[in-house]
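Please open the model in a viewer and set the side chains to be shown as sticks. The tour below proceeds from one selection to the next.

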Amino acid sequence: MSKNKKIIYIALLVAQGVIIGLLENMIPFPFAFAPGAKLGLANLITIIAIFTMPMKDSFTLVVLRLFLTTLLGGTVSTLMYSAAGAFLSYFGMLTLKQLGPKRISTIGISAFGGFLHNVGQLLIASWIAKSWTVMLYLPILSWIGILAGVAIGIAANYLMLHVKTLQEFQLAYDKHTLK
């Protein structure tokens with residue numbers, strides 16, 4: 001696989017993640033009992049990246065997506081919350097993925113990522129508020145994050161099975177990791 005093809009692939013995924021993130025920011029979340037909660041649809045791109053590219057490239061994708069989304073429609077505080085959730089989720093999903101496909105599915109990894117994303121954001125909120133009472137939202141946000149993670153995992157599975165480009169990158173990544 002050529003370096004240019006890899007760069008274009010990363011750029012396309014980053015652009016898709018930014019667009020999904022910006023569109024999601026425009027959608028009001030219907031659950032008033034969980035202020036600030038979102039479905040995290042842009043995490044679909046992170047899941048795809050974890051399964052189709054090396055860690056260095058997928059981490060670059062996460063960082064670029066975070067900064068570009070913030071630059072185009074966020075604030076410093078949204079960057080803090082998003083970064084905490086994204087990095088905790090990302091590294092947690094990478095760690096869980098090491099168990100292998102026979103022990104955990106893409107859906108399970110994604111659900112775990114949804115849970116960790118909320119934990120990261122609540123940790124930042126607790127730090128800012130200087131109070132652990134913010135963590136009382138964790139049970140509610142956990143269910144939302146896990147359910148959203150399951151849906152995102154299902155979507156990622158579907159895309160990786162039916163989109164030829166994703167299959168090519170996944171095959172190249174799998175060959176690279178088996179060496």
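The stops that follow concern aromatic rings and one charged side chain.

This is a predicted model, in which local features need pLDDT of at least 70, side-chain atom pairs count only at pLDDT 80 or more, and totals for chains, interfaces and linings use all residues. Residues are numbered from 1 along each chain as its sequence is written, and side-chain values use heavy atoms, with hydrogens and water left out.

A search of the whole structure gives five aromatic pairs (rings of Phe, Tyr and Trp, the last by its six-membered ring, with centres within 6.5 Å; planes under 30 degrees apart are stacked, over 60 edge-to-face, the rest tilted).

Select Phe59 and Phe91 first. Their ring centres are 5.8 Å apart and their planes meet at 35°, so this pair is tilted. Phe59 belongs to helix α3 (residues 55-73) and Phe91 to helix α4 (residues 76-97), 32 residues apart; helices are DSSP runs of H or I, at least four residues, numbered from the N terminus. Phe59 is partly exposed at 29% relative accessible area, and Phe91 is partly exposed at 36% (buried is under 20%, exposed over 50%, partly exposed in between; 1.4 Å probe, protein chains only).

Next, add Tyr90. Its ring and that of Phe91 have centres 5.0 Å apart and planes at 75°, so the pair is edge-to-face. Tyr90 is buried, at 0% relative accessibility.

Then add Phe87: ring pairs link Phe59, Phe87, Tyr90 and Phe91 into a cluster.

Finally, select Lys97 and Phe51. The charged end of Lys97 sits over the ring of Phe51, 5.2 Å from its centre (NZ of Lys or CZ of Arg within 6 Å of the ring centre and within 35 degrees of the ring normal).

Key. Helix = DSSP H or I, 4+ residues; strand = E, 2+ residues; numbered from the N terminus.
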